[in-house]
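I opened the model to look up one helix, a residue that follows it, and a pocket elsewhere in the chain. My entries follow in that order.

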Amino acid sequence: MQVSMQIQYDGDAVGSARRVSALERAGLDLVWVPEAYGYDAPSFMGYIAARTERLHIGSGIMPLFTRTPTVLAMTAAGVDALSDGRCHVGLGASGPRVIEGWHGVPYTAPLARTRETVEIMRKVWRRDGPVRHDGRFHRLPLPAPEGSGLGTAMRLLSPPVRESVPVWLAALGPRNVRMTAEIAEGWLPMFFVPEWSERAWGEDLRAGLAKRDPALGPLRISAGGLLAIGPRAHRARERARRQLALFVGAMGAPGHNFYDALIRRYGFGADADRIQRLYAAGDRAAAEAAVPEELLEATTLCGTEEYVRDRLAAYRAAGVTHIQVTPLPEDGQTEAGLVSRLKELCN
């Protein structure tokens with residue numbers, strides 16, 4: 001397995017880029033640059049490309065509703081050129097609270113839009129002729145009477161470094177996972193638990209893989225959690241409580257909380273109900289305390305070196321190709337040192 005991690009997107013961008021440079025030297029293979037409603041991901045990705053030499057750089061994730069498919073393809077081609085072929089495109093539909101609240105764009109038919117977006121992006125990168133597309137959501141060129149009728153089919157002006165930039169999709173719901181396994185190079189599942197992945201997604205993964213174009217290669221998976229290694233490292237799991245409680249209890253609109261639905265498929269329905277009731281009542285501390293210990297352990301990699309080695313084996317057996325971690329140094333350790341040790345354990 002390769003080692004990946006997501007960087008902070010709500011703090012010091014320049015300082016985070018300096019950290020990435022050090023982590024590259026420690027063996028980090030792929031960095032994910034998130035985008036929510038702070039800084040945009042592509043600007044940060046280009047800056048990291050200029051400060052690194054080997055590290056692969058992915059958007060993790062860009063909401064596909066916020067840009068046209070051709071802009072997404074142009075952006076990826078640009079970062080790929082700046083990085084000499086090290087760009088990965090992580091895309092996701094996000095949810096109605098962000099898409100409609102922050103961007104003012106209707107949140108409709110996310111799966112169908114995702115499929116169409118990826119199809120157009122690959123047409124742009126192939127550059128085998130002017131891009132034409134007659135889809136449900138995108139028509140290139142835009143015909144009359146939807147537009148003036150004067151649009152011209154165009155081809156990407158600059159030849160891309162690669163004919164195809166790897167596309168990773170963030171997916172948790174059954175239909176979305178099925179589509180991801182069919183059309184994407186990679187999958188970005190949050191709160192992935194290797195021992196429970198068959199229960200949550202097994203049937204859908206097999207259905208999608210059965211339709212997969214062999215030219216895409218095997219499905220890549222980037223998943224993991226908090227990382228701490230040491231005799232007392234198991235205590236670091238407690239730091240996952242806040243995120244789990246937030247995502248299960250308050251993330252997404254009613255009926256659109258994909259994280260809550262996943263935790264229920266894992267078998268924690270009663271716990272999810274309690275977390276949501278407490279969060280809705282404004283008692284966040286109690287909501288965090290209600291996160292079950294079993295879920296904390298399952299979604300993190302915190303323990304002795306032997307324990308972490310066993311967890312890595314489980315992720316590998318579940319098909320994970322990029323273990324994605326948030327290093328938590330303890331007792332004189334450094335973030336880079338943890339990444340370096342994890343890299344050794346993965347080999």
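I looked up α2 and found Ala41, Pro42, Phe44, Met45, Gly46, Ile48 and Ala49 buried, where buried means under 20% relative accessible area with a 1.4 Å probe and protein chains only. The cover over these buried residues of α2 includes α1 (13-26), β2 (30-33), β3, β4 (62-63), α3 and β5 (87-92); helices are DSSP runs of H or I with at least four residues, and strands are runs of E with at least two, numbered from the N terminus.

I noted that this is a predicted model, in which local features need pLDDT of at least 70 and side-chain atom pairs count only at pLDDT 80 or more, while totals for chains, interfaces and linings use all residues. Residues are numbered from 1 along each chain as its sequence is written, and side-chain values use heavy atoms, with hydrogens and water left out.

Next I went to Thr52, which sits in the loop between α2 (41-51) and β3 (56-59) and is buried, with a relative accessible area of 6%. A polar atom of its side chain lies 2.8 Å from the backbone oxygen of Ile48, and the Thr52 side chain also makes a polar contact (a pair of N or O atoms within 3.5 Å, one able to donate a hydrogen and the other to accept it; residues adjacent in sequence count only if both atoms are side-chain atoms) with the side chain of Arg86, at 2.9 Å. Beyond neighbours within four places in sequence, I list Val20, Ser21, Glu24, Ile57 and Arg86 as in contact with Thr52, contact being heavy atoms within 4.5 Å.

Methods
Buried < 20%, exposed > 50% of the residue type's maximum accessible area, 1.4 Å probe, protein only.
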